[in-house]
Amino acid sequence: MSLTGPDIRNLCLAALAFAICALLPFGDDGYWLGLGVTIAMFTALATSWALFSGPTHYISLATAAFFGLGTYVTGLGIDTLPFWSLVGIAGVTGAVLAALVGLATLRLSGVYFVIFTLGLAELVRQVITWVQNNSGQKGLYVLTDLDEAGIYWWLLGLAAVVFLAGWLIGRSRLGFALRIIGDDETVAAHSGINTARAKVLLFMVPGAVAAMTGAILAPRYVYIEPSLAFAPILSFQVVIMALLGGASRLWGPVLGVIPFTFLLEAVSSNFPNQTTLVIGVAFLVIVYLLPGGFVGLLDRIKRRITARGAL
Amino acid sequence: MNRRPFLKLVSALTIASALAATATTAETIRIGAVAPKTGPLAGGATVTQWPSIYLWVDQVNAAGGLTVDGEQMMIELIEYDDQTNPGETIKAVQRLATQDDAHFIIAPYGTGLNLAAAPLFDRYGYPQIAVSAITDQQPELSAQFPNMFFTLGTTTALAADVVKVLSDMRDAGQLGDNVAMVNVADAFGIELATAARPLFEEAGFNIVYETSYPLGTQDLSPVIKGAAAAEPDAFVAWSYPPDTFGLTEQAMIENLDVKAFYTAVATPFPGYGARFGAAAEGVLGAGGVNTESPAFMEYAAAHEAVTGEKPDYWASATTYASLEILAQAIEAVGLDRAAVTQHLRESTYETILGPISFDENNSNPDFWTVGQWQGGVFKGVASRGRDGAVPVILKDGWE
């Protein structure tokens with residue numbers, strides 16, 4: 001693998017951008033840092049989601065399942081293990097669960113996969129509840145010294161790793177195979193690509209990332225209980241944000257995450273009694289006006305400019 | 001369900017009165033509130049939390065506001081819906097503290113949401129008088145978050161007093177030794193069942209039937225049928241709102257023949273009495289209040305007059321009391337939050353529940369634990385340190 005001039009330039013620019021983002025806690029340690037945590041969290045989740053769902057067009061609604069699993073890893077281990085190892089364990093657990101789910105469903109067509117991933121959060125939640133009920137385990141308290149700035153840096157680091165992984169996958173044989181699968185799975189299979197293996201491998205990435213995000217955020221929630229850890233709304237938010245930005249590019253989802261976070265913030269502070277309603281309407285408008293997300297909009301504008309230049 | 005337009009009206013009135021107040025006085029006290037208006041906990045919060053907040057703001061402003069350093073200050077309420085999502089609770093508290101410059105913030109609703117907000121209350125130095133956060137971890141939590149106060153009691157006290165009520169009934173010859181115990185398989189239900197099991201055994205009861213069911217189970221008839229087959233003398237369910245109603249309904253259908261029938265959360269809701277009417281007579285539940293006390297009667301009447309809803313017979317009054325405490329501390333020491341927190345630790349407050357003070361763990365040691373529907377009212381039958389408990393009656397059928 002050799003790096004071309006533009007590659008090196010892009011890498012430097014990305015590193016610079018992350019370095020600037022990492023300075024946020026020094027500028028403000030209150031409201032804006034809180035928003036920064038939300039944005040960093042959804043950037044990691046939506047970007048890793050689009051790594052898999054962008055090329056394959058499989059809509060995964062399993063984010064909440066992996067996220068909840070990660071919070072439980074931290075909740076159960078925080079008294080005995082150091083925090084960084086819990087993030088690692090959560091990543092491995094999430095990847096293993098994703099592999100199991102992938103092996104069970106990714107040989108089938110897309111719609112089975114969507115339904116299964118939607119049910120997965122509830123399934124994992126019930127299994128954890130069952131274990132707690134039988135062991136008499138009480139509610140989990142995560143009391144640490146990790147503050148908002150620490151959580152923000154962890155999430156930002158995770159997002160950087162996701163971007164790097166996405167960039168490497170895009171240049172690898174796996175990424176190439178997935179683009180072919182996304183265009184036409186039959187053709188891919190006939191070209192000798194092991195389609196199931198490629199899909200399972202890639203599905204492990206969002207699984208691991210969502211579990212690690214959950215593990216990192218557990219200290220922020222302090223108290224872990226199933227109904228809060230496995231809230232299904234998270235899965236839908238990630239899909240909405242990724243699609244708003246555009247799942248066809250590595251940097252697409254973050255274009256959706258940032259405006260949508262500010263939109264949610266504006267709605268919930270100005271319409272405290274109608275938040276859900278206004279969000280629903282906003283989503284309808286986005287779907288009708290921006291079918292390809294911001295990435296699609298940029299592509300359309302670019303095409304129009306080139307067309308005009310050709311005249 | 002026409003609660004929503006009503007809430008809107010109330011908030012509009014509140015805002016209007018706050019605006020009117022701005023015209024007359026120099027400054028208002030900005031009080032922030034964040035609790036669910038949507039999501040799984042909205043049902044509880046719109047019965048227990050929001051109406052008491054609206055009532056309190058309405059009454060304080062009608063009386064001309066709070067006296068701060070010799071000056072009358074009206075209250076401006078800033079409210080947010082956290083959608084029963086801890087991430088939203090955190091954002092809302094942050095917004096209240098840094099963007100809205102709230103002088104004080106009313107504690108959120110529910111154990112999980114209160115704890116998610118606790119680090120922020122702590123960081124910005126707001127006192128957090130938690131109500132609907134029942135836990136045995138109060139010493140650990142108040143050590144970690146010195147601004148956090150607890151008013152509604154502990155898990156173990158809730159379970160232990162149910163066992164005590166049943167023991168007393170047995171010792172009086174009203175009840176045998178056999179208990180059926182079930183729980184909803186979710187955080188609080190599991191905690192209560194875990195706390196109660198050894199206590200029942202210690203008290204010499206036989207748990208003849210024990211099972212759990214997942215949160216959200218629609219068909220509870222196997223649970224009640226299983227309990228009935230074990231022929232218990234008492235039935236105890238550590239339940240949540242939907243299954244509290246479901247279990248009672250099934251017990252009526254199966255005509256479950258027990259001398260004591262207990263369901264936990266939501267049994268003191270006015271909706272419970274309204275739905276089951278005479279069949280609710282004798283049902284035991286978590287919570288309670290001294291319904292005969294003039295202070296409570298006056299509060300309940302005002303609650304209904306101002307918000308159009310009846311208060312519940314447990315946490316509603318405690319929510320209101322927590323706001324009375326906050327108001328008295330503000331009037332005593334002013335808007336300095338550190339001074340208010342210090343005042344909370346040291347003083348005794350007169351509330352509609354009686355005097356309240358906090359112990360070395362920031363916990364209110366005097367609270368109600370068990371109540372019972374008697375004559376269409378849910379009366380406290382057991383408490384820690386509260387007056388006015390009435391004698392327990394036997395459950396006599398479901399007619």
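Q: What volume does the largest pocket have?
A: This is a predicted model, where local features need pLDDT of at least 70, side-chain atom pairs count only at pLDDT 80 or more, and totals for chains, interfaces and linings use all residues. A pocket here is an open set of points on a 1 Å grid over the protein atoms alone, where a 1.4 Å probe fits, with protein on both sides within 12 Å along at least five of seven lines. Filling the largest pocket with probe spheres set on its points gives about 1,300 Å³.

Q: Which residues lie nearest the centre of the largest pocket?
A: Lining residues have an atom within 4 Å of a point, and the largest pocket has 48 of them. By class, they are 32 nonpolar, 11 polar and five charged. Nearest the centre lie Thr47(A), Phe163(A), Arg249(A), Leu250(A) and Trp251(A).

Q: What is the volume of the second largest pocket?
A: Its lining holds 36 residues, with Leu41(B), Tyr109(B), Tyr240(B), Pro241(B) and Val265(B) closest to the centre. These 36 residues divide into 20 nonpolar, 10 polar and six charged. The volume is about 840 Å³.

Q: How far apart are the closest N and O atoms of the salt bridge between Lys91(B) and Glu265(A)?
A: Side-chain values use heavy atoms, with hydrogens and water left out, and residues are numbered from 1 along each chain, chains being lettered from A in the order written. A salt bridge is a side-chain nitrogen of Lys or Arg within 4 Å of a carboxyl oxygen of Asp or Glu, and the interface of chain B and chain A has two. For Lys91(B) and Glu265(A), the separation is 3.9 Å.

Terms used. Nonpolar A, V, L, I, M, F, W, Y, C, P; charged D, E, K, R; others polar.
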